[in-house]
Amino acid sequence: MTNLQSKAVDIFTDGACRGNPGPGGWGAILRYQKHEKHINGAEVFTTNNRMELIAVIKALETLKRPCAINITTDSEYVRQGITSWLFQWKKNGWKTSQKSVVKNIDLWQELDKITSQHQINWHWVKGHSNHPENDLADELANKAIDNLLQE
């Protein structure tokens, strides 16, 4: 059996928002062996949670084939949503336990679809805690906002 860990893609993501809602950005780092790619983007009016979700989606969309992936995020919303809440939301017709429609349903459905193509391990790191890749993803997200606001 092949050692999947040695073939794993490492992804680090972060979202940022200036005001919530307000202008927002996302950043991601994709690392495979010695190769590293940085991606980011921004939206004029959004929320922090949407940016956190979009960071993961955009990173996964960058991959050309199914992979073993380690995703590290500082968003408990994303990590808990995908690992704990998603199954019940789907079972309940995309409703929460309080019978309301899941917030950011469009992004959750997109994330659900794209993650099904991969083998993913989810990791959480405390934001702004001197984790180098999380700090860089945050910097990428904020640069995207800066660029958007300068246009």
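Student: Which residues do ring pairs link into a cluster?

Tutor: Ring pairs link Tyr77, Trp85, Trp89 and Trp108 into a cluster. Keep in mind as we go that this is a predicted model.

Student: How many aromatic pairs does a search of the whole structure find?

Tutor: The search finds three aromatic pairs. In one of them, Tyr77 and Trp108 sit edge-to-face, 5.3 Å centre to centre, with 70° between the planes. Planes over 60 degrees apart count as edge-to-face, so that label fits.

Student: Where do Tyr77 and Trp108 lie?

Tutor: Tyr77 belongs to helix H2 (residues 76-91) and Trp108 to helix H3 (residues 105-115), so their pair ties together parts that are 31 residues apart in sequence. To read burial, look for a relative accessible area under 20%. Tyr77 has 18% and is therefore buried. Trp108 is buried too, at 0%.

Student: What kind of aromatic pair do Trp89 and Trp108 form?

Tutor: Trp89 and Trp108 are also edge-to-face, with 5.1 Å from centre to centre and 70° between the planes. Here again distant parts of the chain are linked, since Trp89 is in helix H2 and Trp108 in helix H3, 19 residues apart. Both Trp89 and Trp108 are buried.

Student: Let's try a strand. Is Thr73 buried or exposed?

Tutor: Thr73 counts as buried because its relative accessibility is 0%. You will find Thr73 in strand S4 (residues 68-73).

Student: Which residues does Thr73 touch, leaving out those up to four places away in sequence?

Tutor: Thr73 touches Thr13, Glu52, Arg79, His123, Trp124 and Val125.

Student: Now for empty space. How much lies in the largest pocket?

Tutor: The general idea is that rolling a probe the size of a water molecule over the atoms shows where empty space is left. In this structure, the largest pocket holds about 360 Å³ of space.

Student: How many residues line the largest pocket, and which lie nearest its centre?

Tutor: The lining has 13 residues, and Val9, Tyr32, Thr62, Leu63 and Lys64 lie nearest the centre. Strand S2 (22-32) and strand S3 (35-46) each give at least two residues to that lining. Sorted by class, the lining has six nonpolar, two polar and five charged residues.

Student: How many salt bridges does the structure hold?

Tutor: There are eight salt bridges. To recognise one, look for a side-chain nitrogen of Lys or Arg within 4 Å of a carboxyl oxygen of Asp or Glu. Take Glu36 and Arg31, whose closest N and O atoms are 2.7 Å apart. Glu36 is partly exposed, with a relative accessible area of 41%. Arg31 is partly exposed as well, at 23%.

Student: How far apart are the closest N and O atoms of Lys58 and Glu61?

Tutor: Their closest N and O atoms are 3.8 Å apart, and the two residues form a salt bridge. Lys58 and Glu61 are three residues apart in helix H1 (residues 48-62), so about one helical turn separates them. Lys58 is partly exposed at 35%, and Glu61 is partly exposed at 39%.

Student: Which helix holds Glu139 and Lys143?

Tutor: Helix H4 (residues 132-150) holds them, four residues apart and therefore separated by about one helical turn. Their side chains meet in a salt bridge of 3.3 Å, N to O. Glu139 counts as partly exposed at 41%, and Lys143 does at 42%.

Student: Which residues do salt bridges with shared partners join into one network?

Tutor: Arg31, Glu36 and Glu133 are joined into one network by salt bridges that share partners.

How values were computed
Residues are numbered from 1 along each chain as its sequence is written. This is a predicted model: local features need pLDDT of at least 70, side-chain atom pairs count only at pLDDT 80 or more; totals for chains, interfaces and linings use all residues. Side-chain values use heavy atoms; hydrogens and water are left out. Buried means under 20% relative accessible area, exposed over 50%, partly exposed in between (1.4 Å probe, protein chains only). Contact means heavy atoms within 4.5 Å. Rings of Phe, Tyr and Trp (its six-membered ring) pair if their centres lie within 6.5 Å; planes under 30 degrees apart count as stacked, over 60 as edge-to-face and the rest as tilted. On a 1 Å grid over the protein atoms alone, a cavity is a set of points where a 1.4 Å probe fits but cannot get out, and a pocket is an open set with protein on both sides within 12 Å along at least five of seven lines; lining residues have an atom within 4 Å of a point. Grid points are joined across faces, edges and corners, and a volume is the space filled by probe spheres set on the points. Ala, Val, Leu, Ile, Met, Phe, Trp, Tyr, Cys and Pro count as nonpolar, Asp, Glu, Lys and Arg as charged, and the others, Gly among them, as polar.
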